Amino acid sequence: MTVAPGEMPGPAIPIGRSVHVRVPATTANLGPGFDTLGLALSLYDEVDATVSATPGVRVEVHGVGADGAVPTDASNLVASVVLDVLARKGVEVPGLDLVARNAIPHGRGLGSSGAAIVAGIMVAKGLLEGVAELGPAELLAIATELEGHPDNVAPALFGGLTIAWLEPRGPQHKKLNVHRGVSPVVFVPAHTVPTKLARSLQPAQVPHEDAVFNVSRSALLIAALIQSPELLLSATEDKLHQDYRASAMPDTSALVRLLRGSGFPAVVSGAGPSVLVLCERPSDRLLAADLVAAQSAVAWQPLMLAVDFKGATVTPMGAQSAAS
């Protein structure tokens with residue numbers, strides 16, 4: 001960086017500083033809590049980031065997207081978010097090396113884009129340690145701006161069950177602890193459904209009685225998740241979005257009906273096409289998987305998960321990265 005005579009250089013990140021970031025998958029809506037409720041799950045994308053003296057951005061991808069579906073240059077979503085956040089703080093780096101280990105399926109309703117955005121923000125936060133501050137409110141504000149809505153990025157950032165909403169001062173969230181009995185299982189299909197398509201099927205207006213129905217179920221769902229899991233089947237009923245989107249994902253809709261008809265609290269995970277079951281106890285996940293394997297005409301991969309309570313984490317790698 002060239003500095004004009006008499007000018008002080010801007011803040012700088014030491015060459016060689018490295019951080020490790022881990023971000024959980026998320027599932028949004030949870031049935032009735034459309035664009036409001038989100039849950040962090042124990043499935044993680046991880047990123048190692050190092051500031052390099054070699055100009056440019058290089059991304060090494062492992063796992064999901066390693067087949068060439070994920071860019072390996074500055075157009076990579078994680079990398080572009082890192083550079084965006086650094087620029088907001090008036091900081092540039094000569095070069096950036098990223099190693100991404102992706103486990104969250106893409107285009108399946110498990111918050112992969114939100115996780116990538118949060119990963120980029122957390123990489124920037126770690127690299128900026130001792131150079132510039134990024135507090136929780138700013139993290140959520142940037143993530144919401146880049147993602148377009150806070151229901152996935154809030155639980156990805158903070159973990160647990162989150163209620164997210166928008167105010168004139170910016171996006172807000174409240175994190176809640178989930179009852180220890182609640183045991184998620186996600187059924188993931190081989191096919192994808194674009195979130196943009198799913199959202200396009202949502203009407204601008206809904207009947208008054210449907211709105212009232214969802215208000216009651218959303219309130220009940222909070223109680224069920226934090227205190228009374230036996231109420232989850234009733235609490236996960238929805239009339240605002242799932243039926244409208246069924247035409248775009250008939251296999252998903254059929255699986256939700258199959259599971260709910262057998263007493264399992266099944267909902268569309270996010271914008272789909274994965275199906276989330278919020279089981280009352282861990283053993284119910286195996287029963288749900290057996291039912292799906294025996295009666296579904298479509299192959300589904302069951303992911304037996306737990307609720308992630310930590311959210312995104314960033315840790316320094318090596319002595320150089322710990323220096324301020």
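In this predicted model, the second largest pocket has a volume of about 270 Å³. Of the 18 residues that form its lining, those closest to the centre are Gln242, Asp243, Val256, Arg257 and Arg260. Helix 8 (242-245), helix 9 (250-261) and strand 8 each contribute at least two residues to the lining of this second largest pocket, and the largest share, five residues, comes from helix 9. When the lining of the second largest pocket is divided by class, seven residues are nonpolar, four are polar and seven are charged.

The largest pocket has a volume of about 540 Å³. It is lined by 34 residues, of which His106, Gly107, Gly111, Ser112 and Ser113 are the closest to its centre. At least two lining residues of the largest pocket are supplied by each of strand 2, helix 1 (77-88), strand 4 (95-102), helix 2 and helix 5 (195-200), with helix 2 giving the most, namely three residues. By class, the lining of the largest pocket comprises 13 nonpolar, 14 polar and seven charged residues.

Helix 2, which gives the most to the lining of the largest pocket, is itself mostly covered, since 14 of its 16 residues are buried. The helix runs over residues 112-127, and at 1.5 Å a residue its 16 residues should span 22 Å; because its end C-alpha atoms lie 22 Å apart, the expected span and the modelled one agree.

Backbone geometry was also examined in the loops. Two residues that are not glycines have a positive phi in the loop between strand 1 (18-28) and strand 2 (37-52), where Leu30 and Asp35 are both placed. Leu30 has a phi of about 55°, and Asp35 has a phi of about 60°. In accessibility, Leu30 is buried, with a relative accessible area of 0%, whereas Asp35, at 26% relative accessibility, counts as partly exposed; the assignments follow because buried means under 20% relative accessible area and exposed means over 50%, with partly exposed in between.

A further backbone feature is found in the loop between strand 8 (266-268) and strand 9 (275-279), which is the place of Pro273. Here the peptide bond that joins Gly272 and Pro273 is cis, with an omega of about 5°. Strand 8, at one end of this loop, is also among the elements that supply at least two residues of the lining of the second largest pocket.

Key
Residues numbered from 1 in each chain as written. Predicted model: local features only at pLDDT ≥ 70, side-chain atom pairs only at ≥ 80, totals over all residues. Heavy atoms only, no water. Helix = DSSP H or I, 4+ residues; strand = E, 2+ residues; numbered from the N terminus. Buried < 20%, exposed > 50% of the residue type's maximum accessible area, 1.4 Å probe, protein only. Expected span 1.5 Å × (residues − 1). 1 Å grid on protein atoms, 1.4 Å probe; cavity = no way out; pocket = protein on both sides within 12 Å on 5 of 7 lines; lining within 4 Å. Points joined across faces, edges and corners; volume = space filled by probe spheres on them. Nonpolar A, V, L, I, M, F, W, Y, C, P; charged D, E, K, R; others polar.
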